[in-house]
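Biologist: I have a chain to go through with you. Can we take the fold step by step, with a value or a name at the end of each reply?

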Amino acid sequence: MSGEISPTGKRSGSGSSPELRASHADRDRVVDVLRIAAGDGLLTADELDERLEAALSARTLSELTALTADLPPVSATVGATGAEVKDIVRIEQVHSGAVKRVGRWVVPRRLELAVTYCGVTLDFTDAVITHDTLRIDVGMTGKTLTLVTRPGIVVDTDGLQLVHSRVKYRQTPTNPDTPVTLRVELVGQKVHGRVVVRPPRRTFGQWLLRRPTPLSTDD
């Protein structure tokens, strides 16, 4: 015989080698890349759903590679910042400067806030998101907790207990087809101060573009 029968029923010749099998970790990495690409606007909701289904059912590494072959290198590399995704990050501060996470910071799977009279800002505009859920355990007294979102990010405050505090949630209209790339769940307790959820502030140029055009008057 010229070759052996593979487990899939195909005959392999002496000059061919079997394709490498994909592991659960390989599939998870590709799923993370696809979600980041969708958050950057590179994939539509339908494309994301189709590729996620293909990634989760992929048997070989070549099948997974094909799913990200048309994505730019920045989006195809989850570790573009050179930092690892942490399971839990804890922030503890008392009567000190403001806590800020801005730019391309790596979103952990869980964030614990133990903060007293220090403002906290979590800006997700350019954040590196590699999973679909972030749980924030809030133990915060005073000042404001600000979450700056982008399309595809939703914030759930139902599990947050408010004591002499309030939530201000402001969203901009988005395309209904925009996939949810990150769900932020706020739990715990916020005493005094506010919780503000808002989109990024408009630049001066964006503000000018959104101004209504003055009506012309006839001479």
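Modeller: One term comes before the rest: two strands pair if DSSP finds at least two bridges between them. Keep in mind that this is a predicted model.

Biologist: How many bridges join S7 to S11?

Modeller: Pairing takes at least two bridges. S7 and S11 run parallel. One bridge links Met140 to Lys190 in S11. The count of bridges joining S7 to S11 is nine.

Biologist: Which strands are the edges of the open sheet that holds S7 and S11?

Modeller: That sheet has five strands, paired in parallel, in the order S3-S5-S7-S11-S9. An edge strand pairs on one side only. The edges are strand S3 (88–94) and S9.

Biologist: What does the twist average from one strand to the next in that sheet?

Modeller: The order to follow is S3-S5-S7-S11-S9. Going from one strand to the next, the average twist is 10°.

Biologist: What is the order of the open sheet with edge strands S4 and S10?

Modeller: Five strands form this sheet, and their pairing is parallel. Strand S4 (99–101) and strand S10 (166–169) each pair on one side only. The twist averages 5° from one strand to the next. The order is S4-S6-S8-S12-S10.

Biologist: Which residue in S12 is the bridge partner of Leu147?

Modeller: Start with S6 and S8, which pair in the parallel sense over four bridges. There, Leu122 has Leu147 of S8 as its bridge partner, and Asp123 stands opposite Val148 in S8. S8 also pairs with S12, in parallel, over five bridges. In S12, the partner of Leu147 is Val197.

Biologist: Why is S8 said to be largely enclosed by the rest of the structure?

Modeller: Buried means under 20% relative accessible area. S8 has five residues. It is largely enclosed because the number of them that are buried is four.

Biologist: Which strand gives the most to the largest nonpolar core?

Modeller: That core has 27 residues, and those with the most contacts inside it are Phe124, Ile136, Leu147, Val184 and Leu186. Several strands each supply at least two residues, including strand S5 (110–116), strand S8 (144–148) and strand S11 (182–191). With four residues, the top contributor is S7.

Biologist: Which residues does Leu186 contact, leaving aside its neighbours within four places in sequence?

Modeller: Contact here means heavy atoms within 4.5 Å. Leu186 is among the core residues with the most contacts inside that core. Its partners are Ile136, Val138, Leu147, Val155, Asp156, Thr157, Gly159, Leu160 and Val195.

Biologist: Is Thr130 buried or exposed, and what is its relative accessible area?

Modeller: Thr130 sits in the loop between S6 and S7. Its side chain makes a polar contact of 3.1 Å with the side chain of His131. The cut-off for buried is under 20%. Thr130 is therefore buried, with a relative accessible area of 1%.

Biologist: What percentage of the contacts with a separation of 6 or more lies between residues 24 or more positions apart?

Modeller: The protein chain has four helices and 12 strands. Of its 219 residues, 36% are buried. The accessible surface comes to about 13700 Å², of which 50% belongs to carbon and sulfur atoms. For residues 24 or more positions apart, the share of those contacts is 68%.

Notes:
Residues numbered from 1 in each chain as written. Predicted model: local features only at pLDDT ≥ 70, side-chain atom pairs only at ≥ 80, totals over all residues. Heavy atoms only, no water. Core = buried A, V, L, I, M, F, W, Y, C linked by side-chain atoms within 4.5 Å. Buried < 20%, exposed > 50% of the residue type's maximum accessible area, 1.4 Å probe, protein only. Polar contact = N/O pair within 3.5 Å; in protein donor to acceptor, adjacent residues only side chain to side chain. Axes fitted to C-alpha atoms, helices over the stretch in contact; angles between N-to-C directions. Areas by Shrake-Rupley, 256 points an atom, 1.4 Å probe, with all protein chains shown as cover.
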